[in-house]
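Please look over the structure shown here before reading the briefing that accompanies it. The points below are grouped by topic and are meant to be read alongside the coordinates.

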Amino acid sequence: AIVALISFIAVIYPLVIILRVPVLSTLKKQVFAHKYLISQKVIITFQYVLAIVLLISTIIVSRQLSMMLNKDLGFTSNSVVSVKFFTRIRSPRNLSMDEYLKKDSLQKSNIQYVNQELASSPFIETFSLGDSPLKPYSMGSKIENGTEDYTVQNWLSVSPGYADVFGLKLMKGRFFNSDMDKNGEYKVVVNEAALKYWNIRQIDGEYILNSSWNDGKYKIIGVVRDFNYAHLSSSTQPMVMNNLTFVESEYLIRFNKARVKEGLNFVRSLYNKVNPDQTFTYQFIDDEISALYLKEKQLSRVYILFKGPYLISGNIP
């Protein structure tokens with residue numbers, strides 16, 4: 001608003017002065033001409049300074065936005081899409097037992113079918129179930145042998161294939177494995193920031209408790225390299241991942257980079273087969289990341305908008 005006001009005054013003020021002073025009066029009163037020239041030089045100088053400031057600001061904001069959108073976040077987001085194939089069936093209270101068992105049996109069959117189709121598709125590199133890295137949920141957490149009280153930390157529900165989908169780098173221990181770990185088992189994988197926060201040196205024998213579920217202690221089995229799951233203006237915070245997914249959990253699918261369009265059409269067709277009465281919706285992880293920097297994009301557009309008149313009028317060197 002300040003930039004707009006100053007720009008308006010700098011452009012309109014000289015015009016007002018010229019229109020208010022008659023030509024003959026200006027020619028007769030040379031005394032005022034000198035003062036007018038001084039004021040005109042001041043205004044022009046100010047316009048140059050404002051133009052340079054806007055130009056520098058535009059460059060800085062544009063470069064900062066480009067850096068944020070292209071910086072290595074510590075996980076692979078390219079060509080990864082999230083799709084919710086299934087929803088939880090209503091409880092038997094709302095259905096007869098026969099109806100419930102029939103729907104449940106059909107859904108289990110569809111789940112198996114979807115998994116097989118995704119695994120065999122040439123357009124898909126890998127897939128898993130779980131939460132988007134950018135959509136963690138919060139729970140009060142602490143380590144079992146620590147002296148501090150519960151603090152709110154970020155958690156992600158994932159499945160064993162999650163690390164492959166997002167290219168998470170393992171630093172200690174191991175990630176979840178379908179042959180070794182069961183869904184819902186009391187085991188977790190944390191990031192490096194969590195180790196630092198709780199001052200954990202060795203993960204063997206370390207357990208995490210949470211105040212929300214209060215249903216047991218979770219053994220730390222691995223540590224992944226820190227990845228940025230929030231705005232880059234904030235430092236990486238502790239993250240706890242547990243092997244817990246449900247029927248309604250999202251499918252996280254990484255396409256072959258050269259066949260993204262074909263892969264998306266394949267997934268759409270597969271979705272329509274198992275959900276003929278529903279609308280196919282999806283979300284690319286890259287779009288979620290881009291949405292984090294919406295304010296920066298808007299600010300960049302504002303700078304470019306106010307810089308345009310100066311570039312067009314030629315009022316800069």
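What follows is a briefing on the fold, the sheets, the aromatic and charged side chains, and two aspartates.

The model is a predicted one, and the description below should be read in that light. The protein chain contains 9 helices and 11 strands, and of its 317 residues 38% count as buried. Among contacts in the protein chain with a separation of 6 or more, 76% are made by residues 24 or more positions apart. The accessible surface of the chain comes to about 18,900 Å², and carbon and sulfur atoms account for 57% of that area.

**The open sheet β2-β10-β1-β11**

- Four strands make up an open sheet whose order is β2-β10-β1-β11, with antiparallel pairing, and its edges are formed by β2 and β11 (283-284), each of which pairs on one side only.
- Strand β1 (residues 80-83) is joined to β11 in the antiparallel sense over 2 bridges, and within this pairing V81 has F284 of β11 as its bridge partner.
- Helix α4 lies across β2 and β10 (251-255), and the helix runs at about 20° to β10.

**Strand β4 and its partners**

- Strand β4 (residues 151-158) is mostly covered, with 6 of its 8 residues buried.
- Strand β3 (residues 137-143) pairs with β4 in the antiparallel sense over 5 bridges, and S138 has N154 in β4 as its bridge partner.
- Strand β9 (residues 239-243) runs parallel to β4 and is joined to it by 5 bridges; here N154 stands opposite M239 in β9.
- N154 is therefore a residue at which both pairings can be followed, as the bridge partner of S138 and as the residue opposite M239; strands of a sheet pair through backbone hydrogen bonds, either parallel or antiparallel.**Strand β8 and its partners**

- In strand β8 (residues 217-224), 6 of the 8 residues are buried, so the strand is largely enclosed by the rest of the structure.
- Strand β5 (residues 170-173) pairs with β8 in the antiparallel sense over 3 bridges, and K172 stands opposite V223 in β8.
- Strand β6 (residues 187-191) runs parallel to β8, the two being joined by 5 bridges, and V188 stands opposite I220 in β8.
- Strand β7 (residues 207-210) and β8 are paired in the antiparallel sense over 3 bridges, where the bridge partner of Y207 in β8 is K219.

**Aromatic pairs and charges over rings**

- A search of the whole structure finds 17 aromatic pairs; in one of them, the ring centres of F123 and F266 are 6.1 Å apart and the planes meet at 65°, so the pair is edge-to-face, given that planes over 60 degrees apart are classed in this way.
- This pair links distant parts of the chain, with F123 in the loop between α4 (97-120) and β2 (124-129) and F266 in helix α7 (residues 260-274), 143 residues apart, and both F123 and F266 are buried.
- A cluster is linked by ring pairs among F85, F86, F127, Y251, Y271, F280, Y282 and F284; of these residues, F284 is also the bridge partner of V81 in the open sheet.
- The charged end of K217 sits over the ring of Y207, at 4.7 Å from the ring centre, while Y207 is also bridged to K219 in β8.
- K142 lies over the face of Y150, and its distance from the ring centre is 4.7 Å.

**Two partly exposed aspartates**

- D131 is found in the loop between β2 and β3, and with a relative accessible area of 22% it is partly exposed, because residues count as buried only under 20%.
- Leaving aside neighbours within four places in sequence, D131 is in contact with Y137, L156, S157, Y162 and L252.
- D131 and M241 are separated by 110 residues in sequence, yet their C-alpha atoms are 9.8 Å apart in space.
- D287 lies in helix α8 (residues 285-292) and is partly exposed, with a relative accessible area of 44%.
- D287 and N78 are 209 residues apart in sequence, and the distance between their C-alpha atoms is 9.8 Å.

Notes. Residues numbered from 1 in each chain as written. Predicted model: local features only at pLDDT ≥ 70, side-chain atom pairs only at ≥ 80, totals over all residues. Heavy atoms only, no water. Phe/Tyr/Trp six-rings, centres within 6.5 Å; stacked < 30°, edge-to-face > 60°. Buried < 20%, exposed > 50% of the residue type's maximum accessible area, 1.4 Å probe, protein only. Lys NZ or Arg CZ within 6 Å of the ring centre and 35° of its normal. Contact = heavy atoms within 4.5 Å. Areas by Shrake-Rupley, 256 points an atom, 1.4 Å probe, with all protein chains shown as cover. Pairing = 2+ DSSP bridges. Axes fitted to C-alpha atoms, helices over the stretch in contact; angles between N-to-C directions.
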